[in-house]
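Q: I'm new to this one. Can you walk me through how its strands pair up?
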Amino acid sequence: MTRRAWRIAVIGAGPVGLALALHARALLPQARVTLFDARPADRDVAADPRTLALARGSVMFLERLGVWPRVPADTAMPIRRVHVSQLAPAWPPLPSVGTQPAVSIDAAEQGVPHLGVVLAYGALLAPLQATWFEAAAAEPARLASRFGTPVRELKHVDDGVEVDAGIAETFDLAVVAEGGVFAEQSRKALVRDYGQTAWVGQVTLQGPQGPQGAPMAPAGTAFERFTAEGPLALLPLPAREAGLRRAALVWCVASARDPVAALDDAQRMAVINAALPPEAGRVVGITPLKHFALGLNAERTLVDGPAPGSAPGAGRIVRIGNAAQTLHPVAGQGLNLGLRDAHQLVVTLRDAHDIDSALGRVEWARAPDRWSMIAATDLLARAFTWQLPGLAAVRGAGLAVLAAAPPLKALLARRMMYGWR
């Protein structure tokens, strides 16, 4: 079947699914796109407070979709600098690299206005959904929404995929973009439970002050601190009070000896302050924290191929975003990886003569970015579970080497902003 008559089902109207549907609308003008989601169409999604970290490449993608200008400016905080450090290991000492190994990546040094942006989930989802609804209203013959009824089953058929959401419909391609957290997902081909818990919330910070009263860390600085228990990250948020800063907190600890659960707010602030580098300031307020289990849950391939002996055209199910890979948040790249999945899939479909050849190209095109990110986050996450003498010292020495090598820092910055390309 030629691209002029393609029928595409997108299952999951989160940021990745909506971005894919809007991208398909723009680059595949003759395709018919139907978006499915279990939530009602009239649900208010703008108030969802979960924090997202968008890489610069993701922001550029959303700009091209016409979505980013609709994000309220006061809800998004640009990341101008990323400061990565670790608490100095007690043994062995590393006098040659100092007591606090650290590396900073600055947007100005990389020649870009920002490295990424931090905002609430609802602040992104609401304009994405509004843009889709407006597009569907303008082109009802080819853009449709099926909200309020979950997809019960996807079934391979000879001419594509049967999507059962109360009424069975046949499509040439089904793209699954439903995510979810590790603990709630069905297990995929590649699974690793890290035995770690992520505590998330928001903190308010004060100071520190430099000699002339200027903050030691510029506004828009994100901090990643490696501790003995796991990584602790602060992502900058828009300020609400003069003299105070806000940040989203992601605090990863070992589940078996969780040091956070039994603490009250004052104790949690004291522990965080003891772990943070001086540049971050002092935590003076904290919201109630939520927690969830961490693990790797990934498919070996994005494309769910046909069963042996199936007729041509069967096996056209693609999984992207968290439906394809759920990662540890140590690098903050899960959503960005999903948006790159969506972008590449639509671009490949645009340039292909048939769906089946396009899906083969997508698999190869996404493999370097996808597997390098899976491997990197998996290695970092597991390293915190290894009880090896001197491991923290090795990690600190690596930070010191990175800090002293501008080309390596620039390469890391490009990977953070744009992925593997």
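Q: Which residue is the bridge partner of isoleucine 79 in strand 7?
A: Glycine 116 is the bridge partner of isoleucine 79. Keep in mind that this is a predicted model.

Q: How many bridges do strand 4 and strand 7 pair over, and in which sense?
A: They pair over 4 bridges, in the antiparallel sense. Strand 7 covers residues 116-120.

Q: What order do the strands of that open sheet have?
A: The order is 3-7-4. The sheet is open, has 3 strands and shows antiparallel pairing.

Q: Why is one side of strand 3 and of strand 4 left without a neighbour in the sheet?
A: Both stand at the edges, and each has a single partner strand, so one side has no neighbour in the sheet. Strand 3 is 51-55 and strand 4 is 76-79.

Q: And what does the twist average?
A: From one strand to the next, the twist averages 25 degrees.

Q: Which helix packs on the sheet?
A: Helix 4, residues 121-138. Helix 4 touches strand 3 and strand 7. Its direction makes about 90 degrees with that of strand 7.

Q: New topic: strand 13. How many bridges join it to strand 18?
A: There are 9 bridges, and the two strands run antiparallel. Strand 13 spans residues 190-206, and strand 18 spans residues 290-298. In strand 18, leucine 296 is the bridge partner of arginine 192.

Q: What about strand 18 and strand 21, how many bridges there?
A: Strand 21, residues 325-326, is joined to strand 18 by 2 bridges. They run antiparallel.

Q: Which residue in strand 21 partners asparagine 297?
A: Threonine 326 is its bridge partner.

Conventions:
Residues numbered from 1 in each chain as written. Predicted model: local features only at pLDDT ≥ 70, side-chain atom pairs only at ≥ 80, totals over all residues. Heavy atoms only, no water. Pairing = 2+ DSSP bridges. Axes fitted to C-alpha atoms, helices over the stretch in contact; angles between N-to-C directions. Contact = heavy atoms within 4.5 Å.
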